[in-house]
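Hi,

Here is the structure I promised to pass on, with my notes underneath. Have a look at it first, then read on.

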Amino acid sequence: MNLSVVSLSGEKKNIKDSEFSTFQKEFSGSLLTEKEKDYNEVRQIWNGMIDKHPAIIARCKNPKDVSLAVKFARNNNLLASVRGGGHNVAGNAVCEGGLMIDLSLMNNISIDRENKTAVVGPGCTLGNVDQATQQHGLVIPAGIVTSTGIAGLTLGGGFGWLSRKWGLTCDHLINMEVVTANGEIINVSADEKPDLFWGLKGGGGNFGIVTSFKFNLRELGPEITGGLILYKIDDTEKVLANYHDFISSVSREITTVLVYRYCPPAPFIKEEFHGTPIFGIGALYAGKPEKGTEMLMPLKKFGSPIADVVIPKPFTAHQAMLDSGQPKGASYYWKSEYTKEFPQSMSEKFIKQTLNMSSKSSIIAAFQLGGAIKDIGEDDTAYSYRNAEFALNINTQWTKDSAPDKHIEWARKTQELAKPYSMGSGYINFASQDESEERVVATYGNKKYERLASLKRKYDPDNFFRLNQNIKP
């Protein structure tokens, strides 16, 4: 019986049994089709809105497997997707009817304590990485939810609680091992293929499959001071005014996140506030915990919060703080904008949109940027908008028993209200599956996009790696 797989042209291609058997013999991982018992579990990713069925899932164990999978797809002209952590909201990790190249088993981490470096596999999540590095009092500055994949995060730039102090995740790259569109395994660094090294720092999965990342590490932890301060939404205006006073002279050791949402049933919040609209400030001080408590006091002592859990705690606990609000299997649709400021007039629009949320699980968040992110030049990496002060994440979430249309409409309307304040685009890792080509161009700007397109023509002229926020050759 021949296997039917979708080709790059969209038509079905029959793979002969003999051809598939040869692939299986050479491949050291496992190849799953719909009849295998693990298939259904493996094809599912974090965003439950994405429900696609690949014809084949290639569960790679090593770079050679990745190379074999790429060559098999290329030789048969098959549609292929690449899964790292499987956390990207757009769902590009899975393809309908094609070949899914699954890297999730390639999750080894090795730490060189003396040289403060780590070699990390593309299947690792931030939780894996933090647990390994924190045993040595070290960190890779990365994202804010532990189930995020390190690969997609890094290739899109990567910001989080430590970016203002030390810069983006991609700024910590030393080198990468990459499988190209023709299945070749190459090393990429500032010295070897520096053009590709530049493009992989923010250009996403457009140029190849990274099978190993080597990072510089920073010293932090195991204890930090951080957490959340929550207020009734009616207090937002005066709290935001105090916040602006605070950040006007704040050191880069401090990073904050602003949040508009409905109050979750958390045990540290009085029950009377559960399910009511709230405004929150998340904060972390990247340094000694006692110093952090002192430095964050102007936020802690202001107003009448309904909860204040900015406390000394393990860094790994802080990294997991927002996990419960982003569960695997819920449906998600996101929009994003970069802004230079966060004025009261934008906040007023967000308050109205919070009161009109289609789902009480949705969130409007603003991540504070700046600091060390700006230390690297705009043209020094593919990542763009280094001069942004905030990245907005319009994050709508709902359960599968609810029709998606009203939630998607809410997110789009919220984005439209934010656009007058936008610098012109948003964070590529916060982009959903329906981003336009114009929007992707705007994410990099015309000049940088043309440089990326030239790189694409060099390393992937046939656009084999197309299931991403695509840069067309």
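Before the charged pairs, the definition I'm using: a salt bridge here is a side-chain nitrogen of Lys or Arg within 4 Å of a carboxyl oxygen of Asp or Glu. K300 and D308 fit that, with their closest N and O atoms 3.0 Å apart. K300 counts as buried at 18% relative accessibility, while D308, at 29%, is partly exposed. Do keep in mind that this is a predicted model.

By that rule the count comes to 21 salt bridges. Two others are worth pulling up on screen.

One is R252 with D375, where the side chains meet at 2.7 Å, N to O. R252 sits in the loop between α8 (236-247) and β15 (254-262), and D375 in the loop between β20 (363-368) and β21 (390-398), so this pair ties together parts that are 123 residues apart in sequence. As for accessibility, R252 is partly exposed, with a relative accessible area of 34%, and D375 counts as exposed at 52%.

The other is E435 with K335, whose closest N and O atoms are 3.1 Å apart. Here E435 is in the loop between α13 (405-418) and α14 (437-444) and K335 is in strand β19 (residues 331-339), so the pair ties together parts that are 100 residues apart in sequence. Are these two buried or exposed? Both E435 and K335 are buried. They also belong to a network of salt bridges that links K335, E337, R412, D434, E435 and R439.

Now the strands. There is an open sheet of five, in the order β7-β8-β12-β10-β11, with antiparallel pairing. Which strands stand at the edges? Those are β7 (109-112) and β11 (185-189); each has a single partner strand, so one side of each is left without a neighbour in the sheet. On average, neighbouring strands of this sheet are turned by 15° against each other, direction ignored.

At the β7 edge, four bridges join β7 to strand β8 (residues 117-120), and the two run antiparallel. If you want a residue pair to click on, S110 has V119 in β8 as its bridge partner.

Two helices lie across strands of this sheet. Helix α4 (residues 126-134) lies across β7 and β8, running at about 30° to β7. Helix α3 (residues 63-75) lies across β10 (173-179), β11 and β12 (209-216), and runs at about 45° to β10.

Last, have a look at strand β6 (residues 99-102). L99 and I101 point one way from β6, M100 and D102 point the other way, and all of them are buried. Note that D102 is among those buried residues.

How many bridges join strand β4 to β6? Four, with β4 (residues 56-59) and β6 running parallel; I56 stands opposite L99 in β6. Strand β5 (residues 80-83) is also joined to β6 by four bridges and runs parallel to β6, with V82 standing opposite I101. So L99 and I101, which point one way from β6, stand opposite I56 and V82 respectively.

Shout if anything is unclear once you have it open.

Cheers

Terms used: Residues are numbered from 1 along each chain as its sequence is written. This is a predicted model: local features need pLDDT of at least 70, side-chain atom pairs count only at pLDDT 80 or more; totals for chains, interfaces and linings use all residues. Side-chain values use heavy atoms; hydrogens and water are left out. Two strands pair if DSSP finds at least two bridges between them. Axes are lines fitted to C-alpha atoms, for helices over the stretch in contact, and angles run from 0 to 180 degrees between N-to-C directions. Contact means heavy atoms within 4.5 Å. Buried means under 20% relative accessible area, exposed over 50%, partly exposed in between (1.4 Å probe, protein chains only).
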